[in-house]
Amino acid sequence: MGSQARGQEFEDQALVHLDRVFHLALRFTRNRTEAEDLAQETYLRAFTHFDQFDPGTNCRAWLFAILRNAFINQLKRRGREVPGLDEGELERLETEMADGPGPLESPEEELLKRVVGAELLAALDRLPLIFREAVVLADVEECSYKEIAQICGVPMGTVMSRLSRGRRLLRRALEILVREREEPRRVR
């Protein structure tokens with residue numbers, strides 16, 4: 001394939017996902033500048049290795065896998081620990097998030113109706129990366145379990161477990177944020 005044809009195919013297949021790649025990078029990094037750098041690095045790697053992309057497969061999932069690997073490499077280069085919770089740390093996190101007043105009296109659906117977008121983003125940001133990525137890939141990016149497993153390089157059962165735990169932690173984080181928002185009103 002000539003370089004012009006290769007460039008056109010890359011445009012047709014990969015560049016259409018630029019917004020989604022950037023938004024996922026933003027969810028991972030939580031910083032606009034770092035997300036821009038990460039998205040740029042993702043596309044540079046994708047273009048350089050576009051001959052490894054299998055036409056007819058899911059290009060978005062392929063790009064997300066490159067983005068995730070680039071992000072993990074950035075964490076390692078900076079000397080930061082790559083997220084991977086053991087069961088004990090998960091239990092500690094769940095206990096930490098469960099501390100505070102008892103459950104809200106309103107049903108979950110009502111809670112979600114009252115939560116504004118900013119609170120949802122804040123709650124997502126409270127999740128450890130392995131759970132945040134599973135929830136974002138499934139519920140925001142609408143990836144299948146199989147796609148998430150390929151992107152994250154883990155078995156499908158691990159994806160389902162992380163997604164279940166991630167959603168549970170997200171629900172708790174949302175409840176805490178709503179309580180914090182309503183607390184000043186109750187004091188008056």
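Among contacts in the protein chain between residues at least 6 apart in sequence, 73% join residues at least 24 apart. The model is predicted. The chain holds 10 helices and 0 strands. Read along the sequence, its pattern is α-α-α-α-α-α-α-α-α-α.

Burial and surface were computed for the whole chain. Of its 188 residues, 43% count as buried. The accessible surface of the protein chain comes to about 10,800 Å². Carbon and sulfur atoms account for 50% of that surface.

One helix pair was examined in detail. Helix 2 spans residues 18-29, and helix 3 spans residues 32-48. The two pack at an angle of about 130 degrees. Their axes lie 8 Å apart. Angles from 115 to 145 degrees fall outside the roughly perpendicular and roughly antiparallel classes. Helix 2 and helix 3 are therefore oblique to each other. Their crossing is right-handed.

The contact between these helices was then resolved by residue. On the helix 2 side, the contributing residues are L18, V21, F22, A25, L26 and T29. On the helix 3 side, they are R32, E34, A35, E36, L38, A39, T42 and Y43. The residues of this contact divide into 9 nonpolar, 2 polar and 3 charged. The polar residues are T29 in helix 2 and T42 in helix 3. The charged residues are R32, E34 and E36, in helix 3.

Technical notes: Residues are numbered from 1 along each chain as its sequence is written. This is a predicted model: local features need pLDDT of at least 70, side-chain atom pairs count only at pLDDT 80 or more; totals for chains, interfaces and linings use all residues. Side-chain values use heavy atoms; hydrogens and water are left out. Axes are lines fitted to C-alpha atoms, for helices over the stretch in contact, and angles run from 0 to 180 degrees between N-to-C directions. Helices (H or I, at least four residues) and strands (E, at least two) are DSSP runs, numbered from the N terminus. Angles under 35 degrees count as roughly parallel, over 145 as roughly antiparallel, 65 to 115 as roughly perpendicular and the rest as oblique. A crossing is left-handed if the near helix is turned anticlockwise from the far one by less than a right angle, and right-handed if clockwise. Contact means heavy atoms within 4.5 Å. Buried means under 20% relative accessible area, exposed over 50%, partly exposed in between (1.4 Å probe, protein chains only). Accessible areas come from the Shrake-Rupley method with a 1.4 Å probe; for residues, only the protein chains shown count as cover.
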